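Here are a few exercises to work through with the model open in your viewer. Try each task before you read its solution.

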Amino acid sequence: MSDLPETFDEVFLVSERSEWLRRAFPPLLDADLPPEVEPFSFVPMSGLEEIASAVRPGPGGRLVDVACGRGGPGMWVARRVGATLCGVDGSPVAVASASRRRDAFGLGSTARFVVGDLADTGLDKGMADAVMCVDAFQFTEDRDRAARELRRVLRPGGRLVLTCWEARTPGDVDVAERFATLRCDQVLRDAGFTDVDVAERPAWEQRRQAVYEAALDAGPSDDPGLTLMQAEARTALAGMPSVRRVLVTATNPTRTDGS
Ligand SMILES: C[S@@+](CC[C@H](N)C(=O)[O-])C[C@H]1O[C@@H](n2cnc3c(N)ncnc32)[C@H](O)[C@@H]1O
């Protein structure tokens, strides 16, 4: 019987108790990551910098981080570009943790975090100058609806940046189901986004592999976060050559069709 967590709330409760996830994982992913980021994702420092360049909300602009988790990547980007931040996540545990962590970034009241779904954030239409979504789009049960929701939240002309994985061969049965049929380009265009660009980032994938190998090399442990990473490594390592790591950018067009 497995005692691995089954919901993201349980996962984030584990991560709060895991010294390995907070202290060992980030430098394994990238020694240049500032310690306060504490990501729950596989985007290295160069990736956060790319996201910051691509979102372009402008100083004082409004950045929304959808599926923000404990908030680190979004808070780092908001601080870098001088934007206000609203983070949204389906896990109340993650949202509470992100709210507690604002001071670590010196953001205070310029950052807020709310519970909401990728496909139904509860945010006002057009309230964001930019939207980011790190390593989470694959989890939505309705991709088309989620893509329309990301666009709804963006003002006309606003930018979306999303990091994800796609199967190299669409429909590949050996790839986890949530990636097998995901085509970010198609789903975003169908939702009405323009300037959709899907760029592969193989160097990020090498870092993910290094994290998995280090986790397995660490052997049996009482740390629940390390145990979790070891379980993920056992299932994900073999499938890595069949997926491609992508950084996706898109624009909500200024000319609207009334939708
Ligand atoms: C791999 S974590 C990434 C978290 C964060 N973006 C980061 O980089 O640290 C995936 C996140 O997606 C959130 N999530 C999964 N499905 C969701 C949904 N349908 N709506 C909102 N959030 C969701 C989880 O709670 C989790 O925080």
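**Exercise 1.** Find which residues Leu63 is in contact with, leaving aside its neighbours within four places in sequence, then place Leu63 in its core.

*Solution.* Keep in mind that this is a predicted model.
- Step 1: Select what surrounds Leu63. You should pick up Val55, Gly74, Val77, Ala78, Ala83, Thr84, Leu85, Cys86, Ala130, Val131 and Met132.
- Step 2: Turn to the largest nonpolar core, which has 49 residues. Leu63 is one of the three that touch the most other members, together with Ile51 and Met229.
- Step 3: Ask who supplies this core. Helix 3 (residues 45–55) gives the most, 6 residues.
- Step 4: Don't stop at one core. Another one lies apart from it, with 32 residues, including Ala67, Ala136, Leu150 and Cys184.

**Exercise 2.** Work out how many of the residues of helix 4 (residues 72–81) are buried, and what covers them.

*Solution.*
- Step 1: Take under 20% relative accessible area as buried. By that cut-off, 8 of the 10 residues in helix 4 qualify, making the helix mostly covered.
- Step 2: List them: Gly72, Pro73, Gly74, Met75, Trp76, Val77, Ala78 and Val81.
- Step 3: Look for the cover. It includes helix 3 and helix 5 (92–100), plus strand 1 (62–66), strand 2 (84–89), strand 3 (111–115) and strand 4 (128–134).
- Step 4: Check the residue just after helix 4. That's Gly82, with a positive phi of about 70°.

**Exercise 3.** Describe how helix 9 (residues 202–217) packs on helix 10 (residues 224–236).

*Solution.*
- Step 1: Start with the geometry. The two axes come within 9 Å and cross at roughly 120°.
- Step 2: Name the arrangement. Angles of 65 to 115 degrees would be roughly perpendicular and those over 145 roughly antiparallel; helix 9 and helix 10 are therefore oblique to each other.
- Step 3: Add the hand: helix 9 passes helix 10 in a left-handed crossing.
- Step 4: Collect the contact. Helix 9 brings Arg208, Val211, Tyr212, Ala215 and Leu216, while helix 10 brings Leu226, Met229, Gln230, Glu232, Ala233, Arg234 and Ala236.
- Step 5: Sort by class, and you get 8 nonpolar, 1 polar and 3 charged residues.

**Exercise 4.** Now do the packing of helix 2 (residues 19–29) and helix 10.

*Solution.*
- Step 1: The angle is about 65°, and the axes are 6 Å apart.
- Step 2: Trp20, Leu21 and Phe25 of helix 2 meet Gly225, Leu226 and Met229 of helix 10.
- Step 3: The class count for this contact is 5 nonpolar, 1 polar and no charged residues.

Methods
Residues numbered from 1 in each chain as written. Predicted model: local features only at pLDDT ≥ 70, side-chain atom pairs only at ≥ 80, totals over all residues. Heavy atoms only, no water. Core = buried A, V, L, I, M, F, W, Y, C linked by side-chain atoms within 4.5 Å. Buried < 20%, exposed > 50% of the residue type's maximum accessible area, 1.4 Å probe, protein only. Helix = DSSP H or I, 4+ residues; strand = E, 2+ residues; numbered from the N terminus. Contact = heavy atoms within 4.5 Å. Axes fitted to C-alpha atoms, helices over the stretch in contact; angles between N-to-C directions. Parallel < 35°, antiparallel > 145°, perpendicular 65-115°, else oblique. Left-handed = near helix turned anticlockwise from the far one by under 90°. Nonpolar A, V, L, I, M, F, W, Y, C, P; charged D, E, K, R; others polar.
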